[in-house]
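Work through the following exercises with the structure open beside you, and try each task before you read its solution.

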Amino acid sequence: KRRTVVNITDNPTDNSAGVRFSKLTGTKDPASAQMLFAARRFNLAVVVKNLSNPAYLTALKAADDAAIRYGVTVSRHAPEVPDDSAEQSELIERLISDPEVDGIVFTPVDTKGQVPLFERAREAGKALYNFSNLVEGGEIVAFVGSDDVEIGHKQIEWLAEHSEGAKIILLEGAPGVPTGRLRLQGVTEELSKHPELVVVASEAANMSKVKAADIAPGLLDAHPEADTIVALNDEMALGAISVLESRG
């Protein structure tokens, strides 16, 4: 197998918390598992925002698979209340104080408000590996994620290319959550370039399939002129699709 190589470089003027995402720059053969096998059994704590989003469940499964492949120990952590910043911070505080933990692999609930916590982790000698939502400060070893602003742009670019106009119901993410906020930024910026694309209704479905399925009927009834639904993640799209299918 071959893997893509995407470079990330500093650029303080960019939208994504000082990180610029480059386009595909090439491919190379991955290092063998034997070459990357840990010299000792490192203990890594994986901290996600919730256990309801399939994306995070998949990330935890991937962490378990990688732990076996590379000879490390992985523990799983998530707040009992989904997306609870205070509870997630308490979890991370305990991991920082745990002498058995070598590093923390995390996606933050609050990319800005939790920065002091991540700074303390580095002071305590804990290696930080950030994924999904980019923390807006602190020293991290690496970030793995997507350019959510560009995702928003690409959604509307595609729609503009494949339609002569659209009346849109927009399903947003949870207010304040980085993924939804940045994707909405990209969508809004791109919509400004395409006056033939008109948003007739916009509501937060909290990145949830269930929430999207709950609010979509009311939005469709209130706006019969709508001919397009734009959802800022796949779960909300699937919720909307279920409603459309039920209506034939």
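**Exercise 1. Two neighbouring helices**

Task: Find which residues of α3 meet which residues of α4, and describe how the axes of the two helices lie relative to each other.

Solution. Begin with the residues themselves: on the α3 side they are Ser89, Ile92, Glu93 and Ile96, and on the α4 side they are Leu117, Phe118, Arg120 and Ala121. Keep in mind while you look at them that this is a predicted model.

Next, turn to the general description of such a pair, which uses the angle between the two axes and the distance between them. For helix α3 (residues 85-97) and helix α4 (residues 115-123), the axes cross at roughly 10 degrees and come within 10 Å. Since angles under 35 degrees count as roughly parallel, α3 is therefore roughly parallel to α4.

**Exercise 2. The length and surroundings of α3**

Task: Check whether the span of α3 is the expected or an unexpected one, and then list its buried residues together with the elements they pack against.

Solution. The 13 residues of α3 should span 18 Å at 1.5 Å a residue, and because its end C-alpha atoms are 18 Å apart, the two values agree.

For the second step, recall that a residue is buried when its relative accessible area is under 20%. In α3 the buried residues are Glu87, Gln88, Ser89, Leu91, Ile92, Leu95 and Ile96. These buried residues pack against β5 (43-47), β6, β7 (103-106) and α4.

**Exercise 3. One residue followed closely**

Task: Decide whether Ile96 is buried or exposed, and name the residues with which Ile96 is in contact beyond its neighbours in sequence.

Solution. Ile96 lies in helix α3. The relative accessibility of Ile96 is 11%, so Ile96 counts as buried.

Setting aside the neighbours within four places in sequence, you should find Ile96 in contact with Ile104, Leu117, Arg120, Ala121, Ala124 and Lys126. A further pair to look at is Ile96 and Gly125, whose C-alpha atoms are separated by 8.6 Å although the two residues are 29 residues apart along the chain.

**Exercise 4. The two sides of α8**

Task: Work out which residues of α8 are buried, on which side of the helix they lie, and what covers them.

Solution. Helix α8 (residues 234-246) has 13 residues, and from its first C-alpha to its last it reaches 18 Å, close to the 18 Å expected at 1.5 Å a residue. Its buried residues are Glu235, Met236, Gly239, Ala240 and Val243. They lie on the same side of α8, because they cover an arc of only 140 degrees around the axis. As a general point, an α-helix has 3.6 residues a turn, so residues three or four places apart point the same way.

Now consider both faces in turn. The buried residues of α8 are covered by elements including α2 (54-70), β10 (166-172), α7 (209-222) and β12 (228-231), whereas the face turned away from the buried side carries the exposed residues Asp234 and Glu245. After α8 comes Gly248, which has a positive phi near 75 degrees.

**Exercise 5. How α7 meets α8**

Task: Describe the packing of α7 and α8 by angle and distance, and give the handedness of their crossing.

Solution. The axes of α7 and α8 are 7 Å apart, and the helices pack at an angle of about 50 degrees, which means that α7 is oblique to α8. The crossing in which α7 passes α8 is right-handed. From α7 the contact is made by Lys209, Ala212, Ala213, Ala216, Pro217 and Leu220, and from α8 by Glu235, Met236, Leu238, Gly239, Ala240, Ser242, Val243 and Leu244.

**Exercise 6. Positive phi outside glycine**

Task: Locate Asp83 and Ser132 and state how exposed Asp83 and Ser132 are.

Solution. Asp83 is not a glycine, yet its phi is positive, at about 60 degrees. Asp83 sits in the loop between β6 (73-77) and α3 and is partly exposed, with a relative accessible area of 34%.

Ser132, also a residue other than glycine, has a positive phi near 70 degrees. Its place is in the loop between β8 (127-131) and β9 (142-144), and with a relative accessible area of 23% Ser132 is partly exposed.

Definitions and conventions: Residues are numbered from 1 along each chain as its sequence is written. This is a predicted model: local features need pLDDT of at least 70, side-chain atom pairs count only at pLDDT 80 or more; totals for chains, interfaces and linings use all residues. Side-chain values use heavy atoms; hydrogens and water are left out. Helices (H or I, at least four residues) and strands (E, at least two) are DSSP runs, numbered from the N terminus. The expected span of a helix is 1.5 Å times one less than its number of residues. Buried means under 20% relative accessible area, exposed over 50%, partly exposed in between (1.4 Å probe, protein chains only). The arc is that of the directions from the helix axis to the C-beta atoms. Contact means heavy atoms within 4.5 Å. Axes are lines fitted to C-alpha atoms, for helices over the stretch in contact, and angles run from 0 to 180 degrees between N-to-C directions. Angles under 35 degrees count as roughly parallel, over 145 as roughly antiparallel, 65 to 115 as roughly perpendicular and the rest as oblique. A crossing is left-handed if the near helix is turned anticlockwise from the far one by less than a right angle, and right-handed if clockwise.
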